[in-house]
Amino acid sequence: MKHLFLLIIGLIFTLTSWSQTTPTSKIILKNRDVMTGQIIEMKPGEYVKLEVVGKNVITIPYSDIAEIILDASADSKRSEAPAEKASNKKPKESLGSKKFYFETINEVGLGLGMGKIYGFNYGPLLPDAEDPANTDTYGGFYTVNGIGYKNILFAGIGIGILGHSGISDDSDAFKYSVPFTIDVRYRPLSQQQFSPIAMLGTGMSYVHGSFGTFTMLSGVGLSIRFNERFDAQILFAHHYNRFSPQLSVENGLLEEFYSGAYVNYGGARLGVSYRL
């Protein structure tokens, strides 16, 4: 009986010592579940084997683990995120911590001519004609890519393709245009979900066979921030084209006809922006 008693005491002491040298650990999964037990095997980057209540052993892939607490009784003994430890890579820099980043803005626009087709000289062709009203409609796509700064300022290079109904029914001279611009945009309330936005672009357009048309884009509207990478925006925009006949046409009569001509358009632009 005495030997049996000593054997039981020794077994209890052994189990107590083993439990003290093998601390209980916690594994926090990426889905925020918490598993508690003793880690019996760990292969960084691949898996962790955890012995839970009932001597059951669970193999947990490293890709599912957010954090490992090696000793649940001491919060200070924490491991770093397994994926970062295994790969030795720095955490990806948040876009919010960047001052400068690449941004692309893509828009569709629809507009209507405003006022008269100013400057068109009908005298050589139709001496009695008056300057007609500009009822030309246009619609198309515009994209601009460049550098953003803290979601406040943006500057980039834009290009578009705009189809026009034509300044006159019997002329193919202005059925489409391709603007090339330098585009600048300003969002004053950079940290808010909703912010006013202003844009200004200037450059040249491909019209009637050449790049001889000066173009200017401007607009004001509302920017809606969905997250740190995506914005949507709606603008009321003004589109101005001024013809340079010496560069646009070769025929002397047409040069005189187009001399000083310019047209104005007003309409809406709807777009989205994405930041890298």
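How many cavities of 30 Å³ or more does the count give? I began my notebook with this point, and the count comes to one cavity of that kind. I record at the outset that the model is predicted.

**Entry 1: the cavity**

I looked up the space inside the largest cavity and found about 40 Å³. As general background, rolling a probe the size of a water molecule over the atoms shows where empty space is left. I then listed the lining, which includes Asn151, Arg187, Leu189, Ser190, Gln192 and Gln193. Phe194, Ser195, Ser223, Arg225 and Asp231 also line this cavity. Two strands, β10 (194-207) and β11 (210-225), each supply at least two residues of the lining.

**Entry 2: the chain as a whole**

I noted four helices and 13 strands in the chain. The chain has 276 residues, of which 35% count as buried. I also looked at contacts between residues at least 6 apart in sequence, and 55% of these join residues at least 24 apart.

**Entry 3: an open sheet**

Which order do the strands of the open sheet of five strands have? I read the order as β4-β3-β2-β1-β5, with antiparallel pairing. The edge strands are β4 (56-61) and β5 (65-69), and each of them pairs on one side only. From one strand to the next, the twist averages 45 degrees.

I recalled that strands of a sheet pair through backbone hydrogen bonds, either parallel or antiparallel. I then examined one pair in detail. Strand β2 (residues 34-43) and strand β3 (residues 47-52) run antiparallel and are joined by five bridges. One position I checked was isoleucine 39, whose bridge partner in β3 is leucine 50.

**Entry 4: salt bridges**

How many salt bridges does a search of the whole structure find? The search finds nine, and I followed three of them.

The first I followed joins glutamate 41 and lysine 49, with the closest N and O atoms 3.6 Å apart. I classed glutamate 41 as partly exposed because its relative accessible area is 33%. Lysine 49 is also partly exposed, with a relative accessible area of 26%.

The next entry concerns arginine 269, which forms a salt bridge with glutamate 107; here the closest N and O atoms are 3.2 Å apart. This pair links distant parts of the chain, since arginine 269 is in strand β13 (residues 262-275) and glutamate 107 is in strand β6 (residues 100-118), 162 residues apart. Are these two residues buried or exposed? I found that arginine 269 is buried, and so is glutamate 107.

I then turned to arginine 275 and aspartate 231, whose side chains meet in a salt bridge of 2.7 Å, N to O. Distant parts of the chain are again linked: arginine 275 is in strand β13 and aspartate 231 is in strand β12 (residues 230-243), 44 residues apart. Both arginine 275 and aspartate 231 are buried. I also noted that Glu103, Arg187, Asp231 and Arg275 are linked in a network of salt bridges. Two residues of this network, Arg187 and Asp231, appear in the cavity lining of my opening entry.

**Entry 5: glycine 140**

Where is the place of glycine 140? I located glycine 140 in strand β7 (residues 137-149). Glycine 140 counts as partly exposed because its relative accessibility is 23%, and the buried class requires a value under 20%.

Leaving aside the neighbours within four places in sequence, I found glycine 140 in contact with Glu107, Val108, Gly109, Ile161 and Leu162. Among these contacts is Glu107, the salt-bridge partner of arginine 269. I also checked the C-alpha atoms of glycine 140 and glycine 111, which are separated by 9.4 Å. Along the chain, these two glycines are 29 residues apart.

**Entry 6: the loop after β7**

I next examined lysine 150, which lies in the loop between β7 and β8 (153-164). Its phi is near 50 degrees, a positive value in a residue other than glycine. Lysine 150 is partly exposed, with a relative accessible area of 37%.

Asparagine 151 lies in the loop between β7 and β8 as well. I noted for asparagine 151 a positive phi of about 60 degrees, although this residue is not a glycine. Asparagine 151 is classed as buried because its relative accessible area is 7%. I close the entry with a link to the cavity, since Asn151 is one of the residues that line it.

Terms used:
Residues are numbered from 1 along each chain as its sequence is written. This is a predicted model: local features need pLDDT of at least 70, side-chain atom pairs count only at pLDDT 80 or more; totals for chains, interfaces and linings use all residues. Side-chain values use heavy atoms; hydrogens and water are left out. Buried means under 20% relative accessible area, exposed over 50%, partly exposed in between (1.4 Å probe, protein chains only). Contact means heavy atoms within 4.5 Å. A salt bridge is a side-chain nitrogen of Lys or Arg within 4 Å of a carboxyl oxygen of Asp or Glu. Two strands pair if DSSP finds at least two bridges between them. Axes are lines fitted to C-alpha atoms, for helices over the stretch in contact, and angles run from 0 to 180 degrees between N-to-C directions. On a 1 Å grid over the protein atoms alone, a cavity is a set of points where a 1.4 Å probe fits but cannot get out, and a pocket is an open set with protein on both sides within 12 Å along at least five of seven lines; lining residues have an atom within 4 Å of a point. Grid points are joined across faces, edges and corners, and a volume is the space filled by probe spheres set on the points.
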